[in-house]
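Let's take a walk through this model together, starting at a spot on its outside and working towards the ligand. Keep the structure open beside you as you read.

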Amino acid sequence: HRTVALLVAAGTGSRVGGDIPKQFRTIGGKAVILHAVDAMMAHGGIDAIHLVIGAGQETQVRALLADRTIAGLTEGADSRRGSVRAGLEAIAAAGGADRVLIHDAARPFVPTAVIDRLLGALDDAQGAIPVLPVADTLVRGADGTMGDGVARDGLFRVQTPQAFMFDTILAAHRCWDECREATDDAQILKEQGHDVILVAGDEGLEKLTYPQDFARAEARLASART
Ligand code: C5P
C-alpha cells in the first residue's frame, strides 16, 4: 500500500483572529503546521506528505519546513473542499496513491494510534473517520433563543485525519456537484454510496479554531513534556 498524507493549510483562520494564519502560529515554539507534519512523519506507515497552502505562502512554508522532505506543495482554494480537491489532483499528477489521509493542519497533535485505527479500517471500507461522542447537551438555537433539545445518542463529533482509498475519494470529489459545500470529505464519499467506518478519535485532535484554543494547546504540550 502506498499511503500519502494530505495536509490542508490554506485557510485564513479568521475565527482565531490575529495577523498570522493559525497554521503559522506557534505552540511550544513550533509552528502548528510543523506539529502536524512531524506527527505524520512519525508514523511509519505514511510514505509521503503533500501540503496545500495559501497563495504566496510557499517561501515561508519552505523556510519553516527546513530539511523535512515534502512530496508536494500545492496552492489551495477559497473553500476547504476546493483545497482538498487541489491536493488530491496534485497527488494524482504525481503518480497517485493507494490510500490517503486527509488532515487539517489546524489539528497539530495526531496520535499514532488514531492513524493505526484508520488505516486498519480501510481493509474493510473505502473510508474511515475518527469521531468522539458528544458530551454536552445539545439544543437548537435561533437568534440567541433556545429551541428544541437534540438527543445526543448516536451523534458524534468528527475529527481529522480521515482515511480513504485514494481513487475513490478522488472520483467522489471530481463528480461532486459544484454548488454544494461539504465541510467534510467523508460526507462527499458517503453521498456516492460508500460506507464510512467510525473509529475512536482523540481529545488531542481538537482543531485550533478560536483564540483560546492556543492556550489549551500550549498547556497540553507542556503537560505531555513533563
Ligand atoms: O476553517 P477550518 O477550521 O474549518 O479549516 C480546517 C482546515 O482546512 C484548516 O487546516 C485550514 O487551513 C484548511 N482550509 C484550507 N482551505 C480553505 C479553508 C480551510 O486549506 N479555503
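Ala 66 is a good place to set out: it has 7 C-beta neighbours inside 10 Å, and since 12 or fewer counts as exposed, Ala 66 is classed that way. You will find Ala 66 in the loop between α2 and β5 (72-75). Its backbone deserves a look as well, for phi is near 50°, a positive value in a residue that is not glycine.

Asp 143 tells a similar story. This residue is exposed too, with 5 other C-beta atoms within 10 Å, and its phi is positive at about 55° although it is not a glycine. The loop that holds Asp 143 connects β8 (138-142) and β9 (145-150).

Before going further in, a word on what you are looking at. This is a predicted model, with a mean pLDDT of 92 over the chain and 97% of its residues at 70 or more. The scores for the model are ipTM 0.98 and pTM 0.88.

Now step back and take in the whole chain. It contains seven helices and twelve strands. Its radius of gyration is 17 Å, close to the 17 Å that the globule rule gives for 226 residues, so the chain is as compact as a globular protein of that length. The C-alpha trace spans about 50 × 40 × 35 Å along its principal axes. Of the 226 residues, 37% are buried. Contacts also reach far along the sequence: among those between residues at least 6 apart, 70% join residues at least 24 apart.

Where should you look for a strand that is largely enclosed by the rest of the structure? Go to β6, residues 99-104: six of its six residues are buried, so the strand is largely enclosed. In a regular strand the side chains alternate between the two faces of the sheet. Both faces of β6 are covered, with Arg 99, Leu 101 and His 103 buried on one side and Val 100, Ile 102 and Asp 104 buried on the other.

The partners of β6 come next. Strand β1 (residues 3-9) pairs with β6 in the parallel sense over six bridges, and Val 4 has Val 100 as its bridge partner there. Strand β11 (residues 162-165) runs antiparallel to β6, joined to it by four bridges; here Leu 101 is matched with Ala 163. In the loop between β10 (156-158) and β11 sits Pro 161, and the peptide bond leading to it from Thr 160 is cis, with omega near 10°.

Another loop worth a stop holds Gly 54, between β4 (48-53) and α2 (58-65). Gly 54 has 20 other C-beta atoms within 10 Å, so it counts as buried. Leaving aside residues up to four places away in sequence, Gly 54 touches Ala 10, Pro 21 and Gly 76. Its C-alpha lies 7.1 Å from that of Ala 9, although the two are 45 residues apart in sequence.

That brings us to the ligand. There are 17 residues around it, and those that come nearest are Val 8, Ala 10, Gly 11, Ser 83 and Asp 104. Two elements, β1 and α3 (80-93), each supply at least two residues of this shell. By type, the shell divides into seven nonpolar, six polar and four charged residues. Two names here are already familiar: Asp 104 is among the buried residues of β6, and Ala 10 is one of the residues that Gly 54 touches.

Note on methods:
Residues are numbered from 1 along each chain as its sequence is written. This is a predicted model: local features need pLDDT of at least 70, side-chain atom pairs count only at pLDDT 80 or more; totals for chains, interfaces and linings use all residues. The radius of gyration is taken over C-alpha atoms; the globule rule is 2.2 Å times the number of residues to the power 0.38. Two residues are in contact if their C-beta atoms, placed from the backbone, lie within 7 Å. Two strands pair if DSSP finds at least two bridges between them. pLDDT is the predictor's confidence in each residue, from 0 to 100. A residue is near a molecule or strand if its C-beta atom, placed from the backbone, lies within 6 Å of it. Ala, Val, Leu, Ile, Met, Phe, Trp, Tyr, Cys and Pro count as nonpolar, Asp, Glu, Lys and Arg as charged, and the others, Gly among them, as polar.
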